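Trainee: Could you take me through the interior of this model, with a close look at the enclosed spaces and at how the side chains around them and elsewhere inside are arranged?

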Amino acid sequence: MKKLLAILACACTVLCAPPLQADEAAAASVDSRPDPNWLPTQGNHGDPGIAAPGDTHSEAAASVLTPAPESLWNRIRQGFALPEIDSPLVARHEAWFLNHPDYFQRMIERSRLYLYFIVEEVDKRNMPMEVALLPMIESAYNPIAYSRARAVGIWQFMPSTGKRYGLQQNWWYDGRRDVLAATRAAMDYLEKLHEEFDDWQLALAAYNWGENGVSRAIANNRARRKPTAYENLRMPRETRNYLPKLQAVRNIITNPALLSFPLEDIPNQPYFTAVSTPEHIDMQVAAQLAEMSVDDFRSLNPGHTRPVIMSNGSRTLLLPIDKAGIFSANLKGYDQPLVSWQTYTLKKNESPDSVAAKFGITLARLREINGINRHIAVRPGRSLLVPMNEDANASNLDETWNSTEFQAPEDLYGSREVYRVKNGDSLYSIALRHRVTVAALKEWNHLSSNRLRIGQRLAIYSNPRIARR
């Protein structure tokens, strides 16, 4: 009898239980959303394939159980997961951002183009959503930002780290500036750091400082029988401020009423799509075919560093979703040359000034196009990218684009000095004297520690091209 009563009670519990609310149902269900990494692409000269991703029935079921926020900011807020930091450093950075509303607003405006894609990548990898705000700390979401340490792009990849994570770098194209490629590389790097330290705060500190620095700090604390959590480690000033600065941005995004301007909603939907390019195409022609300004086109395709987009970089262009079909249709009907640039070899006794005049551009524009620092002499035999003149039958890029000169990355740090270490020198004192950072000195000279020896030679670069932030 007792057994029968127990069975009836169990059945009543199941049958009489109230229905699950939407959030409870979502937690109880298996995630059946489509791959958030979906990105429609276009075949050569074809219409963009904006196909529906995933299984429509699963997608519909998931949307009923877990309706997606209409605002991307709400989606970001819901994904915050890092331990909260409450310290004077957070208050100091929060006050700085709030006292510089123009800076903060520019940063937010830049992020609108890329933020949905980055949020999707973060979501796909089950990372804390604070990671999507990290480019605000790294670069203010400026995809062409340079630092004195030679870090580039919204994720501020150093050349060596970028290569380690598959970011191609040559004269025509820099994957560190390519938002798609650099974001995926940054996610890979952060996943590796989290796997190593099993702690997101330590992983983010290592992203700024380097894994070796964090590992040494942990080892030092262990040797002294001290705790090894993030807040207990000794770190350089920049790294000590790194997470508090991120926390300050998180606080403002969480409570945008603090701002003196409205934080406009960003739709929780893709802004851009990917299309494939012909082999070579002028950036200006590509923008014209998409019916966009060159500046707007370049803001989505900052990895292409020259006025002509070459096939040895990315074969993918990003366009606003509503421009992809326009680009495809206009490309089909375009009967003019796609390229208006050629290479030219500087002859003996020929100066850059005369070359600029010969091809109808200013010297400043010639230097800009070719990445020539004004402190560097341009010698005979040097190949330059110049506009095609009227008597040219066709561009010679197919024959010359893969020459040695056009395969090496641009040297952003043309003025180089060799410094010999003296008694009493430290990396900090040398960096201070030459107005560079310790991180830059270590990167330029492949140093894994702060130790120096008397007589050691250090390469120091000046006149770096720093993009405005």
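Mentor: What follows goes from the cavities to one helix and then to the aromatic rings.

The model is a predicted one, and it holds two cavities of 30 Å³ or more. The largest cavity has about 70 Å³ of space, and its lining is made up of Leu82, Pro83, Ile85, Glu130, Gln201, Leu243, Leu246, Gln247 and Arg250. Of the elements that contribute to this lining, helix α13, which spans residues 237–254, gives the most, with four residues. By character, the lining of the largest cavity divides into five nonpolar, two polar and two charged residues.

The second largest cavity has about 50 Å³ of space, and around it stand Asp178, Val179, Leu300, Asn301, Gly303, His304, Thr316 and Leu318. Here the lining divides into three nonpolar residues, four polar ones and one charged. As for how such spaces are found, rolling a probe the size of a water molecule over the atoms shows where empty space is left.

Helix α13 also has a part in the surroundings of helix α6, since what covers the buried residues of α6 includes α13 together with α4 (72–78), α5 (88–99), α7 (115–124) and α8 (134–138). In α6 itself, residues 101–111, the buried residues are Phe104, Met107, Ile108 and Ser111. These four cover an arc of only 95° around the axis, which puts them on the same side of α6. The general background is that an α-helix has 3.6 residues a turn, so residues three or four places apart point the same way. Phe104 appears again among the rings, where Trp96, Phe97, Tyr103 and Phe104 form one aromatic cluster.

The structure as a whole holds 10 aromatic pairs. In one of them, the rings of Tyr165 and Tyr189 have their centres 5.0 Å apart and their planes at 40°, so the pair is tilted. This pair links distant parts of the chain, with Tyr165 in the loop between α9 (159–164) and α10 (179–197) and Tyr189 in helix α10, 24 residues apart. Both Tyr165 and Tyr189 are buried. Tyr189 also forms a tilted aromatic pair with Tyr207, at 5.4 Å centre to centre and with 45° between the planes. That pair, too, links distant parts of the chain, since Tyr189 lies in helix α10 and Tyr207 in helix α11 (residues 200–209), 18 residues apart. Tyr207 is buried, as is Tyr189, and Tyr189 thus takes part in a pair with Tyr165 and in a pair with Tyr207.

Technical notes
Residues numbered from 1 in each chain as written. Predicted model: local features only at pLDDT ≥ 70, side-chain atom pairs only at ≥ 80, totals over all residues. Heavy atoms only, no water. 1 Å grid on protein atoms, 1.4 Å probe; cavity = no way out; pocket = protein on both sides within 12 Å on 5 of 7 lines; lining within 4 Å. Points joined across faces, edges and corners; volume = space filled by probe spheres on them. Helix = DSSP H or I, 4+ residues; strand = E, 2+ residues; numbered from the N terminus. Nonpolar A, V, L, I, M, F, W, Y, C, P; charged D, E, K, R; others polar. Buried < 20%, exposed > 50% of the residue type's maximum accessible area, 1.4 Å probe, protein only. Arc of directions from axis to C-beta. Contact = heavy atoms within 4.5 Å. Phe/Tyr/Trp six-rings, centres within 6.5 Å; stacked < 30°, edge-to-face > 60°.
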